[in-house]
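This report introduces the open and enclosed spaces of a protein model, together with selected residues and one helix packing. The structure is shown first, and the description follows.

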Amino acid sequence: MRVAAIDIGTNTVLLLIADVEQDSFQVLRDDHAIARLGEGVDRTHHISEAAYQRLIPILRRHLSMVEALHCDRIDAIATSAMRDAENREEMIARIRRETGIEIELLRGEEEAHWTYRGAVQGMATQNEALAVIDIGGGSTELSIGRGEMFEHGVSVEIGAVRMTERFLTAGKSIEETRLFIRQMLEQVAIPTSGNRRVIAVAGTPTTLAAAEQELPAFDAAKVQGFTLSRTDIERWIEIMSQHSREELLRRYPAINKARADILTAGTLILAEAMEYLGAPDVTVSTQGLRYGIALRATE
């Protein structure tokens, strides 16, 4: 079955097209775009017209690729920004009218489940104890399981866009931001035994993995499976605290310009999530929710 999975997040709009069967998973396209749909949603609880107008052209481009590759089905899902927005029903209806795409709104627990399944696809050994950290724009999902079998997951409202807007661009310090993230994590209930390999997905860990290797441009093949230690993460927090966005982009060309302003907040979340899980390091995965949604289509 040829499946198109569209993941409409708070920051990104991702498209995966894959041929998925019970015993095989072949990726045909894995496209990335940034719409920043959740801009201002933490404060206003509304998706703005400007954000919506950034989203629609991206969805149309994705849809043209879906049609060109003759997909059997399209599964389009939306996450934190759409969950939080009081005008979500209006936005979903407008998307349907303008593109024909039917949007499924995922609950946080569902997002954790299918992010886990997608993140570990092709990476997990049978019965290996795993945890997954997914740092989104509006929320962060933590999930655990064994091999490809999901066991438990939670969603916490500490995404990179949300923390940037609420703290870092509002005059708050890195220390204040970290304390809030830590307090939010302390409120969730998830087993945190230290004998799990931890996989980190989404733009923050993949960007850090590319920058850590000083790649001249983002290269998914070199990022997939790369290991980042807690020492690495703390060093990056120090680097970001001492350099402007422009200096970071000049020194580390693999950093996406449209993501640079939220990278510090995402890195703070990653550091605190690793501390919470007792993880000395993380394995970076370029996969995630869209891969899980594609897998779901065969179940």
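A pocket is an open set of grid points with protein on both sides within 12 Å along at least five of seven lines, and its lining residues have an atom within 4 Å of a point. The model described here is predicted.

**Pockets**

About 720 Å³ of space lies in the largest pocket. Its lining comprises 38 residues, and those nearest the centre are Leu14, His32, Ala202, Gly203 and Arg259. Two or more lining residues come from each of β2 (12-21), β3 (24-34), β6 (129-135), α8 and α13. Helix α8 contributes the most, with four residues. By residue class, the lining of the largest pocket holds 10 nonpolar, 20 polar and eight charged residues.

The second largest pocket has a volume of about 220 Å³. Around it stand 14 lining residues, of which Leu168, Met240, Ala260, Asp261 and Thr264 lie nearest the centre. Helices α10 (230-242), α11 (245-251) and α12 (263-277) each supply at least two residues to this lining.

**Cavities**

The structure also holds two cavities of 30 Å³ or more. The volume of the largest cavity is about 60 Å³. Its lining consists of Thr10, Gly38, Val41, Asp42, Ser80, Ala81, Asp84, Gly138, Val161, Arg162 and Glu165. The elements giving two or more residues to that lining are α1 (41-44), α3 and α6 (160-166).

The table sets out the composition of the three linings.

| Space | Volume | Nonpolar | Polar | Charged |
|---|---|---|---|---|
| Largest pocket | about 720 Å³ | 10 residues | 20 residues | eight residues |
| Second largest pocket | about 220 Å³ | six residues | six residues | two residues |
| Largest cavity | about 60 Å³ | three residues | four residues | four residues |

**Selected residues**

Ala202, one of the residues nearest the centre of the largest pocket, is placed in the loop between β9 (197-201) and α8 (203-212). Because its relative accessible area is 22%, Ala202 counts as partly exposed. Apart from neighbours within four places in sequence, Ala202 is in contact with Asp134, Ile135 and Ser285. The C-alpha atom of Ala202 is separated by 9.9 Å from that of Thr140, which is 62 residues away along the chain.

Ser80 belongs to helix α3 (residues 80-84) and is part of the lining of the largest cavity. Its relative accessibility is 3%, so Ser80 counts as buried. Leaving out residues up to four places away in sequence, Ser80 touches Thr10, Gly138, Ser139 and Arg162.

Thr79 is found in the loop between β4 (73-78) and α3. A relative accessibility of 4% is the reason why Thr79 counts as buried. Beyond its neighbours within four places in sequence, Thr79 is in contact with Asp7, Ile8, Gly9, Thr10, Leu105, Glu111 and Leu289.

**A helix packing**

Two of those contacts of Thr79, Glu111 and Leu289, also take part in the meeting of α5 with α13. Helix α5 (residues 108-120) and helix α13 (residues 289-296) pack at an angle of about 90°, and their axes are 6 Å apart. The angle therefore makes α5 roughly perpendicular to α13. On the α5 side, Glu111, Trp114, Thr115, Arg117 and Gly118 take part, and they meet Leu289, Tyr291, Gly292, Ile293, Leu295 and Arg296 of α13. The residues of this contact comprise five nonpolar, three polar and three charged.

Key: Residues are numbered from 1 along each chain as its sequence is written. This is a predicted model: local features need pLDDT of at least 70, side-chain atom pairs count only at pLDDT 80 or more; totals for chains, interfaces and linings use all residues. Side-chain values use heavy atoms; hydrogens and water are left out. Buried means under 20% relative accessible area, exposed over 50%, partly exposed in between (1.4 Å probe, protein chains only). Contact means heavy atoms within 4.5 Å. Axes are lines fitted to C-alpha atoms, for helices over the stretch in contact, and angles run from 0 to 180 degrees between N-to-C directions. Angles under 35 degrees count as roughly parallel, over 145 as roughly antiparallel, 65 to 115 as roughly perpendicular and the rest as oblique. Ala, Val, Leu, Ile, Met, Phe, Trp, Tyr, Cys and Pro count as nonpolar, Asp, Glu, Lys and Arg as charged, and the others, Gly among them, as polar. On a 1 Å grid over the protein atoms alone, a cavity is a set of points where a 1.4 Å probe fits but cannot get out, and a pocket is an open set with protein on both sides within 12 Å along at least five of seven lines; lining residues have an atom within 4 Å of a point. Grid points are joined across faces, edges and corners, and a volume is the space filled by probe spheres set on the points.
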